[in-house]
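Work through the exercises below with the sequence and the model open beside you, and try each task before reading its solution.

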Amino acid sequence: MDYEPIRKVVDSLAVQPNLLDYGATCASFSWEGVRREFAGLPEGGGLNIAHEAVDRHAAGPLRQKLAIRWLGRDGTVLDLTFGDLREGSNRFANVLTSLGIGKGERVFALAGRIPELYLAALGTLKNVGVFCPLFSAFGPDPILQRLSRGDARVLVTTERQYAKKVAGLRDRLPLLQYILLTDVEEDPGEGVLSLPRLMGAASADFTIPPTDPEDRAILHFTSGTTGMPKGAVHVHNAILTHLVTGRYVLDFHPDDIFWCTADPGWVTGTSYGIVAPLAHGITSIIDEADFDAERWYRILQEQRVTVWYTAPTAIRMLMRAPEEQRRRFDLSALRLVHSVGEPLNPEAVLWGERVLGLPIHDNWWQTETGGIMIANYAALEIRPGSMGRPLPGIEAAILWRRDDGTVEEVTAPDVEGELALRPGWPSMFREYLHDEERYRKCFAGGWYITGDLARRDADGWFWFVGRADDIIKTAGHMVGPFEVESALMEHPAVAEAGVIGKPEPVIGEIVKAFVVVKAGHEPTEELRLEILGFGRSKLGSAVAPKEIAFIDNLPKTRSGKIMRRLLKARELGLPEGDTSTLEA
Ligand code: ATP
Ligand code: MG
């Protein structure tokens, strides 16, 4: 290991972590035990996410507690208590029933992070419908594709989004019966209704119908990093995972102020931007605006954020900003920083320690897993570059595939293979929408196969190697882009790097890196040669990039993931495939 582990001295932490003894917690863990922590709907009515996340708290001492502090782009602040959330989501659920929208029907949202989106999500869950949030920056094609694949019955959106992108699609969406506009007072036309008017007329009381824990709750499309986005369907029982990860990974305590920076268009923005903090009865910050280093530091300072959940792409952007900027802000309330979505380069973990005063905790999961599966924990040592250890209740393994397609578990340490999970955890996806065959192919030999490659060290820490699709085969070696990208990022002029395999007749593929230089550095030929040499000295000639090209920006998904398949297609002059999630 290149980097020294970061050890924690628990007595010196501001708050005693919930998970102290990893081994003992895993050994005594049971999902049935977690299920018993939830009240359930009255009279044996089952388990409903919105009841457990909102109504359960609103009916007790947390009624007046701040659940969501919403920060508008223009400086507006809106505070919603658990009681407010209950009323607002009840009204939305009543709006749906008054329109004849029932159980299992899909309600989509196409909006930024506006308060109505959160009420619509919770209200849809109360109505035992299926909620599907879309990124507001999607253009007409990705919107049409998702609404149509998802059999949308209702769309919640703004007047502007509707006029610009949706109005022209309506004749191709025969199932889409109602469009609810969040910012008009009068109904504009046939099937296009004013949400404020409907909400105003609706009752603030609603009785959640019986909900089976297996009832469908949320539909999320994957990020589209490796190809056409898949629609992963989740059920109400998923809240068990959200409760447990909130406790052990995000280490929620009653007085926490939590900020998850993800948009609900991406699974992190619902599982952790909505459900997990509410399930714990804690306060969340929701910022309507997009990334801006100054604004983000100010929010951390002014809102006294204690637990912060963000993504490597944002962290790398903060790393590019001058450190002097950070020093102008008081981040003394912050005690835990987590990251998800892409591998977190060791440099970023250490930057956190140095500049934020806290190491960054990486964790791993997917749209399909519905919640965090492998993580670094507040009380446990961090091995920089590792995504940590499986959540209590989760069994993770490294598999090898035999030629006949069957799999075998690799028990020896430090061997690369396919990362797999033992099926059956509560937030596991239950289907890929309209793609039964693809769903089935994710499972083999009693495992769910994630599509990522990883290795496990002798002590049980997991290390991400790459996506199976991104792995480079060069001169008999398998090279994961992450290893190369992380090494290049240690060069002082490199802000970011994206690495691909470029076909070459003799050795299979050569490693090629696309490099973004930091402000203040020029992409000169001299620098290119210097980084080539730097790569060779760090990685050895078999793994180091043979070619380096400078690029202004790496192509990324809206959830901030490097789209290596696009770098490759562009390099080779091949069709780009689905680009619906490409950040503009
Ligand atoms: P698609 O499946 O459509 O190609 P996607 O896999 O990027 O898109 P998501 O479900 O949003 O869609 O992302 C999950 C993937 O993100 C993981 O399978 C993994 O490749 C990557 N990922 C998430 N967290 C981490 C992490 N901490 N370290 C490394 N990779 C991560
Ligand atoms: Mg995926």
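Two exercises follow, one on a helix pair and one on a ligand site.

This is a predicted model, in which local features need pLDDT of at least 70 and side-chain atom pairs count only at pLDDT 80 or more, while totals for chains, interfaces and linings use all residues. Residues are numbered from 1 along each chain as its sequence is written, chains are lettered from A and ligands numbered from 1 in the order in which they are written, and side-chain values use heavy atoms, with hydrogens and water left out.

**Exercise 1.** Determine how helix α5 and helix α10 are oriented and which residues meet.

*Solution.* Begin with the axes: α5 (residues 115-126) and α10 (residues 267-279) come within 11 Å and cross at roughly 65 degrees. The two helices are therefore roughly perpendicular to each other, a class that covers angles of 65 to 115 degrees. Next, list the contact (heavy atoms within 4.5 Å): Y118, A121 and L122 of α5 meet G273, I274 and L278 of α10. Sorted by class, this contact has five nonpolar residues, one polar and no charged ones, with Gly counted as polar.

**Exercise 2.** Identify which residues come nearest to ligand 1, and then examine its polar contacts.

*Solution.* Of the 22 residues around ligand 1 (a heavy atom within 4 Å), T222, T225, T226, N363 and T367 come nearest. Then take the polar contacts, pairs of N or O atoms within 3.5 Å. An N or O atom in the T225 side chain is 2.4 Å from an oxygen atom of the ligand, and a polar side-chain atom of K230 lies 2.9 Å from a ligand oxygen atom. For N363, a polar backbone atom is 2.6 Å from a nitrogen atom of ligand 1.

Key: Axes are lines fitted to C-alpha atoms, for helices over the stretch in contact, and angles run from 0 to 180 degrees between N-to-C directions. Helices (H or I, at least four residues) and strands (E, at least two) are DSSP runs, numbered from the N terminus. Angles under 35 degrees count as roughly parallel, over 145 as roughly antiparallel, 65 to 115 as roughly perpendicular and the rest as oblique. A polar contact is a pair of N or O atoms within 3.5 Å; within protein, one must be able to donate a hydrogen and the other to accept it, and residues adjacent in sequence count only if both atoms are side-chain atoms.
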